[in-house]
Structures are given as C-alpha cells and as structure tokens.
Amino acid sequence: MIFFDTFSMSLSALVSNKLRSVLTLVGVTAGVASIIAVMTAISVVQKTMEKEMSVLGAQTFQVQKWPAGGFRSDAERIKARSRPPITLANAEAIREQVKGIDLVGCELWDFGFTAQYHGVSTNPNISICGGTPEYAPNNTHPVGIGRNISEMDVRTARNVAVIGYAIGQKLFPFVDPIGRDVLVDGRKYEVVGVFDEKKSAFGGGFDNYVLIPVTSFVKTYGMVGRDGYPRSVNITVRAQSPDRLADVMDQTRRVIRHERKLKPNQEDNFDFFSSSSLITQFNKMSRSIKLAAFILGIIALVVAGIGIMNIMLVAVTERTREIGIRKALGARPTLILFQFLLEAVILCNIGGIFGVLTGFGLGNVMTIFSHFQANVPLPWAVIGLLFCTAVGVAFGLLPAVRAARLHPIEALRYE
C-alpha cells in the first residue's frame, strides 16, 4: 500500500510540473531513440541480408577461386588473382571422391549483356551463367515456368536457356515464353524455362540473368575471360544433410588440395563460401557499428541524466517545506528517498518508452521505400528501458539523498 501511495505522489509531482517534466523527457527520449533507431536499422538490414545470403541453403557450400569476403587491400587482390583457376576437372574429382554428397554443380559467369525478342531489348545488365542442372536446387532458385536445363542439354551443348523472371516480364509480357527463341548477346537460345521471382532489397541481379548449359557457355565464350585471365569455375556442393556439411567440406578440401598439388605446409589457394560463413562475416562487420551507436546513445543518456539530476535538485529545493511537513508527520527518511528516486526513475522510463517507439519508427523508415523487411528488435527495447532505469537511479540518487537528509525543523522554516 505504501508503494502505491508513493507512486501516486511521484506521478502527481511530475504532472504538476508539466513543462519541466517535458523538457527533461526530451533528453532521455533523444538518447534512447538514437540507440534504438540505429539498432533497428542494423537489424532490418541484417535480417534482409541473412535472407538473401542464404541462397545456398543449410547444406550447400561453394568452392571458388576468389575470397568470399572480398579484398581488404590491393595486396590481397593481387594474391588472389595469382591463384590458379578452379576447373571442371576439379568438380568431377569431387563427384567421384567425396562421400556423403547429394549434388555437385558447376557455374561460369559473364556480365553486361542484353537480351532481345522481336525488337524489344533489355538494359545491358544481363548476366550469363553457364551451369549444370544442379544450379537451380543448389542456389535455391526454382524454375517457375517450363523446365530446368537437363543433363542431355549439357552433353550436347544445346542452345537452350532458362531466363530470369524480370527478363521474362520485359520480353514476354503477354505471351508464353516457353519454346520461343531469344537473342542473348546476339546469339539465339530457345527458352525452356523461367525462374521464379527473387527480389533483392540491395538491387541484386537475381532476376536479371540467363542460365545456359555450361558446355554451351564454354563453346561460345571459351575458358579465357575478356580481361585475358583464365575463367574460374564455381563449384557448388550439396551435402546429403546439414549435419554432414562439415565432413563433406573437409573431404572436399583434401580432394582440391590434392588436385592442385599443394604441399602440407602450403595454404589453400582456393576458398569456401557458404551462407552461414557470409552471414557470420556480416555480423562481425556490424558489431563495430552497433558498439559505436551504443556508446553514442549512452553518452546522450548520461547528458540527459545530468539534466534530470539538476532538475530534481531544483525540485527538492522547491519542495523543502513539503518535505518538512511530511517528516514532522512521521515520514521516514527512507520513504522520502524512495519517493524522489521513484520520480527520477518514472521520468526516465516515460522518456525511454517514447524513445523506444521513436527509434522503432525511425529505424524502419527505409522499409517504406525499399524491399527491406520491417523488424522490431524487442531485446533492445528491454535493454533501453533497463538503462533508463539505471540512469534514473544513478542521477536521481543525489537529490533523493539530499531530500531524505533534510532536518524537519529546518525544512519547516524554509521560505
């Protein structure tokens, strides 16, 4: 009962000084909103990135020449470029020697082409992928209309293609594209399928590429790129189950090292890429941003806390006579201390609630204008309110102690 009475008195004191309370709330709200907004924005990007990075599924990885995380320096770029290319023979060795695999696919890529049909042309941003039938399942991009390329297409190097959803919408808005001939880079391909739509929040080309048999790609473009360097094959390997993924990766590493004649003391001159590894790398990169936002938010809360302490000290001075009357009527110092401390905590948490709501709104603004998925990181809301409580206790303690230590007779004489 005493707690509810004290709580009611604390609220009444805050309501009776509306302007002062509102000005104090602004600082707390800004501090909490800055933390929550940044954390929400990062969470929105992170959730979308995790979804889009999960293109290989939980039991698939890719063997490639280039580092999955990109280059941190020119020296790393030069070192990676000097690596020998991954070959189709390497893929065949994996098929024959690695146990516990389900599918092994090959990919060769080239970029910057146009696709045409009856005078209608796409922008010159079409990618061509020379692949095997395993491409679609290994990259979790199913064929929505028609069929996938087949093993027979690969063996005979047929000029057939599975086109991306956006290409189908651009070139065949009113007709069925299956069986029709499309010009890609000026060469005729029969459309045998159209991939399902796969939008990217980052503007990726998931719907702007053409899949042709890898043998057709090699026949047309050869194994030397336009930059004069040998083309490197990306090999996608799917384990029979997610719990066998690590073992399959170890076996694959040994096979590729043997194929490339690496000695035991030499480091790998190839890289593994998996959805989980790329997501982990992104999370590591975002930690520094989160830490910086957290520190800036804490600084803002400390500044707001100093403001709360000053205002509470003024409140103690203004209510000195009231404190004297309460003590003369038998109020214990601990009760006085608790009341002023509770006022500071309530004030901070009201500002914290407004800050959390504002932060969620600001952090999700980007979802209105893009394909990012809205996200509300509730754990950070709890953390924000806990910090508000801590700030209220820390900066409300001095005014509360000063109020509790007032001598009742001296307080009653205060004018």
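**Entry 1: Glu190**

I started at Glu190, which lies in strand S9; strands here are DSSP runs of E with at least two residues, helices are runs of H or I with at least four residues, and both are numbered from the N terminus. Before going on, I noted that this is a predicted model, where local features need pLDDT of at least 70, side-chain atom pairs count only at pLDDT 80 or more, and totals for chains, interfaces and linings use all residues. I also noted that residues are numbered from 1 along each chain as its sequence is written, and that side-chain values use heavy atoms, with hydrogens and water left out.

Is Glu190 buried or exposed? Neither label fits, because its relative accessibility is 28% and it counts as partly exposed. For the scale, buried means under 20% relative accessible area, exposed means over 50%, and partly exposed is in between (1.4 Å probe, protein chains only).

Next I looked up which residues Glu190 touches, leaving aside its neighbours within four places in sequence. I found contacts with Arg158, Asn159, Val160, Ala161, Gly179, Arg180 and Asp181, a contact being heavy atoms within 4.5 Å. I checked Asn159 by its C-alpha atom: it is separated from that of Glu190 by 6.4 Å, with their positions 31 residues apart along the chain.

**Entry 2: the chain as a whole**

I then stepped back to the overall numbers. The protein chain has 14 helices and 12 strands. Of its 415 residues, 45% are buried. I took the contacts between residues at least 6 apart in sequence and saw that 78% of them join residues at least 24 apart. The chain exposes about 21,000 Å², and carbon and sulfur atoms supply 62% of that; the areas come from the Shrake-Rupley method with a 1.4 Å probe, and for residues only the protein chains shown count as cover.

**Entry 3: salt bridges**

How many salt bridges does a search of the whole structure find? I got 13, where a salt bridge is a side-chain nitrogen of Lys or Arg within 4 Å of a carboxyl oxygen of Asp or Glu.

One of them joins the side chains of Glu267 and Lys79, at 2.6 Å from N to O. This pair links distant parts of the chain, 188 residues apart: Glu267 is in the loop between helix H9 (245-259) and strand S12 (271-274), and Lys79 is in helix H3 (residues 74-81). Glu267 is exposed at 52% relative accessible area, while Lys79 is partly exposed at 48%.

I also looked at Asp102 and Arg238, whose closest N and O atoms are 2.8 Å apart in a salt bridge. Asp102 sits in strand S2 (residues 101-113) and Arg238 in strand S11 (residues 234-239), so I noted a separation of 136 residues for a pair that links distant parts of the chain. Asp102 is partly exposed, with a relative accessible area of 39%.

The side chains of Arg253 and Asp268 form another salt bridge, 2.8 Å from N to O. Here Arg253 is in helix H9 and Asp268 in the loop between H9 and S12, 15 residues apart. Both were looked up for accessibility: Arg253 is partly exposed at 30%, and Asp268 is partly exposed at 21%. Back at my starting residue, I found that salt bridges with shared partners join Glu190, Arg147, Asp153 and Arg158 into one network.

**Entry 4: helix H13**

Helix H13 (residues 378-404) has 27 residues and reaches 37 Å from its first C-alpha to its last. That is close to the 39 Å expected at 1.5 Å a residue, the expected span being 1.5 Å times one less than the number of residues. Where is the kink in H13? I located it at Leu397, shortly before Pro399, with a value of about 45°; the bend is the angle between axes fitted to the seven residues ending there and the seven starting there. Among the buried residues of H13 are Cys388, Phe395, Gly396, Pro399 and Ala400.

**Entry 5: positive phi**

Most residues other than glycine have a negative phi, so I wrote down two exceptions. Ala157 has phi near 55° and is placed in the loop between helix H6 (151-156) and strand S7 (160-163). Ala157 is buried, at 15% relative accessible area. Asp185 has phi near 55° too, and I found it in the loop between strand S8 (181-184) and strand S9 (187-195). Asp185 is partly exposed, at 29%.
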